[in-house]
Amino acid sequence: MEPLYGPIRDYAWGSRSAIALLQGRAVPSAGPEAELWLGAHPGAPARVDRAGLRVSLCDLVRDEPGQWLGQRVSERFGNRLPFLLKVLAADAPLSLQAHPDAEQARAGFAAQAGRPAGERNYSDPHHKPELLVALTPFEALCGFRDPVESAEALAAFGVPELTPVVTALRAGPAGLRTAVRALLGWPVAERDELLGSVLASSADGPDAELVRRLAKAYPADPGALVALLLHHVRLEPGEGIWMPAGNLHAYLSGCGVEIMAASDNVLRGGLTPKRVDVDELLRVLRFEVLDDPVRAALPVGPGVDWWPVPVDDFALHRVRVGAAVPSVTLPLPGPRVVLCSGGSITVDDGAGALTLVSGEAAIGTAAGEPLRISGAGEGYVATSGLR
C-alpha cells in the first residue's frame, strides 16, 4: 500500500472545521473546505510519491493500467479508475441537482462537444450514481416524496399563485413534471414576489421552516419551493443515501464519505448561482417517487459492513478493528483506496504495510493480495464493484 494525497476543494458551501478535524488540523481552517478527493479524476487527481515527487494518479493509471487497474477493470471501464472517493463537508446547502444515466451522458457529451465549456452540461461521457455515508449527523433532500404530501405542504402557504402547482401534485406522480417545470420556470421578474408571499405567510411546521431556511441562503430562488417535493432526511453516522441517475437531490449539512462513478456531470435545478438548464434537467429526471433513499449498513463479517448498490463502478466497505476484532482480511480484487476515518489502522496488501491515522489515505494496486487491516480504528475501503 502507498500513501495517497488528496486535494481539498474550496467550494463556498464547505465547512471550515469538518475536514480539518478529521485530519487533526487546527480549526477553523483558513477558508471553506468542501471536498477531499481521493481518486484519479482529472479535475483534481490525488497524488502518489515517486522518486521524491508527488505524481498524479491520473498519470499512473494511464501509463500503467495493468498494474493499477487490472485486466477486468480495464476491459470494463477503459484505462481509468472507475470510482472517486470523497469526504464531503457541507456548512451550507448544495445545489439541487441530478445526474444522467450512462446513455444520456454519452449522447449529451457527444452532442455538446463543440460548445464552450461554460455552455456545456456534460463534461464527460459517463454516468454518476453516488452513495454517501454519514460521518456526522447529516441532512439532505433526496428523491421525490409522495406528491400529495408535497401538495399539502405548498397549499399551507395560502399563496394563490401556487394553486396550479398544488393541483398538479394532487394528481400524483403524473403531475411531478408539471410541478417542477412550473416552479423552476417561474419568471425571474416574479420570483421575489412569489418567495416574499411564501415567507410572509403564517404557515408553520418543518416544511415551512425548511423553505424559509433555504430562501434565506438563496434569495429569490424557486429551488426553495422545489425542496418540498423531495424527501427531507436526517442521517445518523453510518447511515447512507443512495442516489441513482435521474433523482433530484441536494445535500444540506454535515460530513460524510461519498463514493461515485468517476464523472463530473451535474445538471443543476436551483439553490445555486451557477448555470441552470431547466429543459435538460427535466429531460434526465425520473418523475417517480423514491420509496426510501436511506440505506443502512449491512454486516458482511466481524468488523466489516457495506452498502450494496446496483452498479459495478464502485463498492464501499467500512472496517472497524480493535480489541474485539484485531484484524480483518478483505478479498477485494482490483484497485483499492482506503481512508482512515478515526483512530489508527494498518493496511497491508502483501506489497507493503502502511499505518494510517484519521484523515490519511492509501492506495493499493490491482496486483496486491487480499487486503489485511489491523489496529484500533475505522476505515473506508473503496473498490470497483466487479466481482
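In the predicted model, D207 is placed in helix 10. With a relative accessible area of 26%, D207 is partly exposed. Leaving aside residues up to four places away in sequence, D207 touches R145, A153 and L228. A further position can be related to D207 through space: the C-alpha atoms of D207 and A156 are 9.5 Å apart, although 51 residues separate the two in sequence.

Among the contacts of D207, that with R145 is a polar one, in which the two side chains are joined at 3.4 Å. The side chains of D207 and R145 also meet in a salt bridge, with the N to O distance given as 3.4 Å. This pair links distant parts of the chain, 62 residues apart: D207 belongs to helix 10 (residues 206-217), whereas R145 lies in the loop between strand 9 (138-144) and helix 6 (147-155). The two partners are also described by their accessibility. R145 counts as buried because its relative accessibility is 12%, and buried means under 20%. D207, at 26%, counts as partly exposed.

The salt bridge of D207 belongs to a wider set, since a search of the whole structure finds 17 salt bridges. One of these is formed by E2 and R50, whose closest N and O atoms are 2.6 Å apart. Here the link is between strands: E2 is in strand 1 (residues 2-4) and R50 is in strand 4 (residues 47-50), so that distant parts of the chain, 48 residues apart, are joined. E2 has a relative accessible area of 22% and is therefore partly exposed. R50 likewise counts as partly exposed, at 26% relative accessibility.

A salt bridge between helices is found at D279 and R181, where the closest N and O atoms are 3.3 Å apart. D279 lies in helix 12 (residues 278-284) and R181 in helix 8 (residues 176-184); the pair therefore ties together parts that are 98 residues apart in sequence. With 53% relative accessibility, D279 counts as exposed, whereas R181 is partly exposed, having a relative accessible area of 41%. Salt bridges may also be joined to one another, and D59, R62 and D63 are linked in such a network.

The arrangement of buried and exposed residues was then examined in helix 7. This helix spans residues 163-170, and its buried residues are V165, V166, A168 and L169. The four residues lie on the same side of helix 7, because the arc that they cover around the axis is only 160°. A general property of helices bears on this pattern. An α-helix has 3.6 residues a turn, so residues three or four places apart point the same way.

The opposite face can be described in turn. P164 and T167 are exposed, and they are carried on the face of helix 7 turned away from its buried side. The buried residues of helix 7, for their part, pack against helix 6 and helix 8. Both of these neighbours appear in the salt bridges described above: helix 6 (147-155) borders the loop that holds R145, and helix 8 (residues 176-184) contains R181. Just after helix 7, G172 takes a positive phi of about 90°.

Key
Residues numbered from 1 in each chain as written. Predicted model: local features only at pLDDT ≥ 70, side-chain atom pairs only at ≥ 80, totals over all residues. Heavy atoms only, no water. Salt bridge = Lys/Arg side-chain N within 4 Å of Asp/Glu carboxyl O. Helix = DSSP H or I, 4+ residues; strand = E, 2+ residues; numbered from the N terminus. Buried < 20%, exposed > 50% of the residue type's maximum accessible area, 1.4 Å probe, protein only. Arc of directions from axis to C-beta. Contact = heavy atoms within 4.5 Å. Polar contact = N/O pair within 3.5 Å; in protein donor to acceptor, adjacent residues only side chain to side chain.
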